[in-house]
Amino acid sequence: MQVVNHGCTLDCWDLCKFKVYIDNGKVVKIEGDKGHPYTKGIICVKGKKHLERLYHKNRKYSPMFKKNGKWIEITFNEALELISKKLRNYKEKFGSSSILHYFESGSGGVLKSIENIFFNFLGGITLPKGSLCWGAGIQAQKYDFGDIKGHTLDDILNSKNIIIWGRNPANTSIHLMYMLKKAKKKGKRIIVIDPIYTDTAKIADTYIRINPSTDGALAMAITKIIIEEKLYNESFVRNYIKGFKEYNNYLKTLDLDYLSDETGVGIEIIRKLAYLYTQKGPSTTYIGYGLQRYKNGGNTVRAIDALASISGNIGIEGGGVNYANRVYPDILNLDPYNSLKYAHNTRYFNVSNFYNFIIKEDNPPIKAMFITKANPLTQMPNLNKVKLAFEKIDFKVCIDLFMTDTANECDLFIPCTNTLESEDIVFSSMNNPYIIYNEKAVEPKNKLMDEYYFFQELSKKMDIKEYPLVSKKEYLNKVIEPLKEINIDLEKIKEGKITIQTEKVAWKNLEFKTPSKKIEIYSEKAKGDGLSPLPVYNKQTNNKIRLITSHPRDSLFSQHFMDVKGITKAYLNSNLAKSYDLKDNEKVTLKSKNGEIKVQVIIKDNIPDNIIHMYIGWWHKHGAPNFLTNNISSDMGGQIAFNDTFVEIIKNNN
Ligand SMILES: Nc1nc2c(c(=O)[nH]1)N[C@H]1C(S)=C(S)[C@@H](COP(=O)(O)OP(=O)(O)OC[C@H]3O[C@@H](n4cnc5c(=O)[nH]c(N)nc54)[C@H](O)[C@@H]3O)O[C@H]1N2
Ligand SMILES: Nc1nc2c(c(=O)[nH]1)N[C@H]1C(S)=C(S)[C@@H](COP(=O)(O)OP(=O)(O)OC[C@H]3O[C@@H](n4cnc5c(=O)[nH]c(N)nc54)[C@H](O)[C@@H]3O)O[C@H]1N2
Ligand code: SF4
Ligand SMILES: [Mo]
């Protein structure tokens with residue numbers, strides 16, 4: 001039996017390292033690599049399912065073209081001819097920015113983003129800006145610290161208090177969960193702040209139920225007490241924080257009772273948190289992405305950053321305000337053949353504005369759209385509008401492993417290789433700082449063409465002279481060239497034991513990447529962007545039932561919902577069920593101003609009043625939750641405020 005090294009390409013915090021077993025030219029098993037320093041042999045069911053997806057009966061091996069509403073199989077060469085003809089035509093008549101490329105992180109492989117390079121060489125096209133995922137918090141941390149850095153995971157054991165704030169590692173990050181259990185055994189205090197009593201909350205010493213979108217108010221209340229009671233370190237504040245005085249003045253305008261009422265968190269608990277963050281530290285904060293999917297999401301993260309900073313938990317062992325961990329993007333040579341030089345016509349649209357942009361923009365209008373590593377027709381907000389926008393576009397191409405809801409609305413489907421069929425490099429910017437060189441485990445079947453070669457062939461057909469017609473190995477070697485200076489090559493990365501994050505502690509030298517080199521609670525940059533220079537709490541009004549969507553344990557969004565039977569499940573508590581006279585498992589319609597779906601209600605008392613909770617990833621056949629969500633944007637970073645969606649429950653009389 002042959003064994004190869006491979007890292008998980010799913011969009012996840014953990015980037016697990018696998019050992020892949022091959023027998024007789026077939027992958028027979030994926031297991032965690034016990035020798036890996038970070039993932040230690042532990043992997044999740046989604047990781048194992050790469051194998052199921054590799055040999056899944058619904059996989060496509062030839063391109064499919066929609067003719068008179070019916071899908072027909074065509075050859076790769078025919079698909080290349082068709083695309084090349086269309087692209088030449090649109091480029092000539094309307095310019096290359098009449099082509100739009102929508103992508104997400106369906107695969108983390110560097111070579112799985114080769115189309116970006118292709119479109120640059122084509123002259124630059126139209127690209128998305130903003131985020132469905134983490135955008136508000138990323139922008140917040142850029143204002144505050146100048147960059148986004150995390151502590152290494154094992155530093156958790158140096159903390160006394162671990163605050164998991166709007167994050168659910170029980171579902172989304174098994175290695176953080178593993179570490180939390182270990183920390184708990186060692187007597188560390190775990191505090192979980194979430195409106196929903198999640199599986200992560202179950203292992204906490206203290207669970208704090210907070211009203212949705214009020215986390216900024218909670219962070220401000222804690223900070224207010226820390227300042228009023230002089231629990232902070234004055235010399236740290238003087239030397240390393242810009243804007244302490246201004247922020248204090250702002251906090252003075254907020255009444256503690258008001259903040260407590262807003263959040264639903266009692267003053268005694270707020271006071272206890274103030275002590276834990278200062279007198280009983282160090283305290284580390286792990287911020288998730290759920291709490292920033294609100295209109296005020298960026299300010300929320302800025303307020304939590306301010307709390308972690310004023311309480312003196314930055315730059316020390318066991319401290320930190322961990323949001324993401326960008327280690328490689330600025331170091332690797334991710335555009336090794338300088339494609340950007342050719343991308344003169346690049347323009348951007350905001351993801352929140354997808355529909356309006358497609359319908360209204362005419363300079364030039366969007367004529368063609370490529371969708372890669374993404375399933376926007378389940379994952380974008382306000383799907384009815386997204387569907388309408390799709391209809392307006394002449395020529396739509398989707399590259400995916402399966403005929404997804406998105407692929408189904410396109411004109412051309414190009415099947416791609418499964419990760420086990422692809423040599424590549426993977427790294428994550430979420431948590432795990434190790435980089436892995438993935439070996440190809442098996443050859444793709446039935447002459448299936450990998451995307452890397454597909455775009456090479458397309459460049460030949462389109463006569464793009466500058467396009468790099470080099471082997472994958474040569475390309476990847478160029479990507480990691482900056483690492484060669486520190487003696488790291490592909491062979492070394494293969495084992496997956498290499499990381500260039502050498503500091504356990506983020507911002508250890510207390511030199512921040514902001515203009516003032518300090519932590520900027522007062523940010524001129526934010527001001528220049530038309531925002532409040534200080535974190536502020538913007539109250540959200542709500543007198544209806546709020547829809548909160550979060551990430552499911554056993555699926556990476558839509559990918560592992562493909563074979564799930566039944567209809568979408570929606571969770572609500574018994575008070576809400578009672579007020580609508582609903583029984584467990586009853587089917588109802590949920591309606592928002594954007595659309596409606598049918599769901600099966602599950603009564604669960606871990607949900608607060610007036611909230612409906614759903615996991616995201618259900619397909620159209622089940623009832624995709626994003627038919628309900630609003631395509632509004634957060635205060636910063638262009639983040640979609642999915643959780644600022646309100647719904648009505650309509651009982652079905654059948
Ligand atoms: N199994 C699995 N793992 C995944 C993914 C997946 O789809 N499935 N997706 C991956 C990706 S791309 C991402 S971005 C990460 C996300 O990882 P996480 O941030 O852990 O997950 P989310 O589901 O986005 O949200 C986390 C929590 O935020 C809570 N929340 C919602 N509103 C509020 C609020 O107002 N205040 C507070 N305090 N909490 C709130 C939700 O109840 C939820 O428990 O997970 C990654 N890992
Ligand atoms: N309501 C609501 N909506 C959300 C969220 C939420 O919390 N609430 N979360 C948001 C977040 S955090 C994110 S990151 C987005 C995720 O949005 P998406 O990334 O669009 O979600 P997926 O369903 O994972 O779709 C990825 C697709 O990539 C395909 N794929 C896998 N490997 C490859 C490959 O090698 N090549 C190609 N070309 N395709 C491949 C998969 O088959 C799948 O169809 O969703 C967002 N949507
Ligand atoms: S999805 Fe995440 S936890 Fe699961 S195997 Fe992949 S990297 Fe690991
Ligand atoms: Mo995400």
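Threonine 300 counts as buried because its relative accessibility is 2%; buried means under 20% relative accessible area, exposed means over 50%, and partly exposed is in between, using a 1.4 Å probe and protein chains only. You'll find threonine 300 in helix α12. Setting aside neighbours within four places in sequence, threonine 300 is in contact with Asp215, Gly216 and Leu291, where contact means heavy atoms within 4.5 Å.

A quick word on what you're looking at: this is a predicted model, where local features need pLDDT of at least 70 and side-chain atom pairs count only at pLDDT 80 or more, while totals for chains, interfaces and linings use all residues. Residues are numbered from 1 along each chain as its sequence is written, chains are lettered from A and ligands numbered from 1 in the order in which they are written, and side-chain values use heavy atoms, with hydrogens and water left out.

**The helix around threonine 300**

Helix α12 covers residues 297-310, 14 residues in total. Helices here are DSSP runs of H or I with at least four residues, strands are runs of E with at least two, and both are numbered from the N terminus. From first C-alpha to last, α12 reaches 20 Å, close to the 20 Å expected at 1.5 Å a residue; that expected span is 1.5 Å times one less than the number of residues. Why is α12 said to be largely enclosed by the rest of the structure? Because 14 of its 14 residues are buried. After α12 comes glycine 312, which has a positive phi near 80°.

**Nonpolar cores**

A nonpolar core is a set of buried Ala, Val, Leu, Ile, Met, Phe, Trp, Tyr and Cys residues joined through side-chain atoms within 4.5 Å. The largest one here has 67 residues, and Trp165, Ile222 and Tyr247 have the most contacts inside it. Helix α7 (residues 215-228) gives this core its largest share, nine residues. Take isoleucine 222: leaving out neighbours within four places in sequence, isoleucine 222 is in contact with Trp165, Ile270, Leu273, Ala274, Tyr277 and Leu307. Apart from that core lies another, with 62 residues, including Ala79, Phe118, Val327 and Tyr337.

**Strands side by side**

Strands of a sheet pair through backbone hydrogen bonds, either parallel or antiparallel. Two strands count as paired if DSSP finds at least two bridges between them. One open sheet has five strands in the order β10-β9-β8-β12-β13, with parallel pairing. Its edge strands, β10 (206-208) and β13 (321-322), each pair on one side only. Inside that order, β8 (residues 161-165) and β12 (residues 283-287) run parallel and are joined by five bridges. Tryptophan 165 has isoleucine 287 as its bridge partner in β12.

Now for strand β16 (residues 395-400), where six of six residues are buried. Phe395, Val397 and Ile399 point one way, and Lys396, Cys398 and Asp400 point the other way. β16 pairs with two strands you can look up: β15 (residues 368-372), parallel, through five bridges, and β17 (residues 412-415), also parallel, over four bridges. Which residue of β16 is the bridge partner of isoleucine 371? That's cysteine 398. For valine 397, the bridge partner in β17 is leucine 412.

**Backbone angles worth a look**

Here are a few spots where the backbone angles stand out.

| Place | Angle | Where |
|---|---|---|
| Gly281 to Pro282, cis | omega near 0° | Pro282: loop between α11 (267-278) and β12 |
| Asn363 to Pro364, cis | omega near -5° | Pro364: loop between α13 (354-360) and β15 |
| Asn585 | positive phi of about 75° | loop between α22 (574-579) and β24 (587-591) |
| Asn610 | positive phi near 60° | loop between β25 (596-603) and β26 (611-615) |

Are these asparagines buried or partly exposed? Asparagine 585 is partly exposed, with a relative accessible area of 42%, and asparagine 610 counts as partly exposed at 42% relative accessibility.

**Around ligand 3**

The residues around ligand 3, each with a heavy atom within 4 Å of it, are Cys8, Leu10, Cys12, Asp14, Leu15, Cys16, Phe18, Cys44, Lys46, Gly47 and Ile174. This shell divides into eight nonpolar, one polar and two charged residues. Here Ala, Val, Leu, Ile, Met, Phe, Trp, Tyr, Cys and Pro count as nonpolar, Asp, Glu, Lys and Arg as charged, and the others, Gly among them, as polar.
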